Amino acid sequence: MSNPDGLDATDRDILFHLRQDGRLTNVELAKRVGLTPPPCLRRVKRLEETGVITGYRAVVDPAALGRELEVLIDVEIYANDRRTVEEFETKVASYEEVIEFRRMYGRPDYFIRVAVADHAAYEAFLTGKLSGLPAVLRVTSHLTMKKIKEDG
């Protein structure tokens, strides 16, 4: 494989189809990418062993769990000592409502995506959990109007 990431067109095709449906059988996947099953399986195993494929998971409908309101939150903190930052990150990561949590370069310091039942549940999360943390300086909430695209 001559490209820098070590993936050829067939590997990329395999990844595309597995991202669309991770429950494809090897026979069906092989058919879709134009291989016979044995080489297809070898490629999938190699992608798993090299860490390109890191796992398989179920995609769950948030509404089925009663968590249909998704809010994107920018958080700025005032502390920059390691202990406070680590405590903040550990605490926020432990919240069930948090479905994505990233430390950012520049401002904001953090990006958090939460899923809750409704506006009252979000208010309870914001006032009862997030805003009360010692390191929090500023919180800006962005409510999703419409999800246009989501990839894995």
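Let me start with helix α5, residues 119–130, which lies across β1, β2, β3 and β4 and runs at about 20° to β1. Please keep in mind throughout that this is a predicted model.

Now to the sheet itself, which is open and has four strands in the order β2-β3-β1-β4, with antiparallel pairing. The edge strands are β2, residues 98–103, and β4, each of which pairs on one side only. On average, and with direction ignored, neighbouring strands of this sheet are turned by 20° against each other. Helix α4, residues 82–94, also packs on the sheet, where it touches β1, β2, β3 and β4, and its direction makes about 160° with that of β2. As general background, strands of a sheet pair through backbone hydrogen bonds, either parallel or antiparallel.

Let me turn to strand β1, which covers residues 69–77 and is mostly covered, seven of its nine residues being buried. With strand β3, residues 110–116, β1 pairs in the antiparallel sense over seven bridges, and in that pairing the bridge partner of Leu72 is Arg113 in β3. With strand β4, residues 136–143, β1 again pairs in the antiparallel sense, over seven bridges. If you want to follow that second pairing on the structure, you can use Val71, whose bridge partner in β4 is Leu143, and then Val75, which stands opposite Val139 in β4.

I will finish with a pair of helices, α1 and α3. How do helix α1, residues 9–20, and helix α3, residues 37–49, pack? The angle between them is about 80°, with their axes 11 Å apart. An angle of 65 to 115 degrees counts as roughly perpendicular, and α1 and α3 are therefore roughly perpendicular to each other. On the α1 side the contact is made by Thr10, Asp11, Ile14, Leu15 and Leu18, while α3 contributes Cys40, Arg43, Val44, Arg46 and Leu47. Sorted by character, the residues of this contact of α1 with α3 divide into six nonpolar, one polar and three charged.

To bring the pieces together, we have a four-stranded open sheet with antiparallel pairing, in which β1 pairs with β3 and with β4, we have α4 packing on that sheet and α5 lying across its strands, and we have α1 and α3 packing at an angle of about 80°.

Technical notes. Residues are numbered from 1 along each chain as its sequence is written. This is a predicted model: local features need pLDDT of at least 70, side-chain atom pairs count only at pLDDT 80 or more; totals for chains, interfaces and linings use all residues. Side-chain values use heavy atoms; hydrogens and water are left out. Axes are lines fitted to C-alpha atoms, for helices over the stretch in contact, and angles run from 0 to 180 degrees between N-to-C directions. Helices (H or I, at least four residues) and strands (E, at least two) are DSSP runs, numbered from the N terminus. Angles under 35 degrees count as roughly parallel, over 145 as roughly antiparallel, 65 to 115 as roughly perpendicular and the rest as oblique. Contact means heavy atoms within 4.5 Å. Ala, Val, Leu, Ile, Met, Phe, Trp, Tyr, Cys and Pro count as nonpolar, Asp, Glu, Lys and Arg as charged, and the others, Gly among them, as polar. Buried means under 20% relative accessible area, exposed over 50%, partly exposed in between (1.4 Å probe, protein chains only). Two strands pair if DSSP finds at least two bridges between them.
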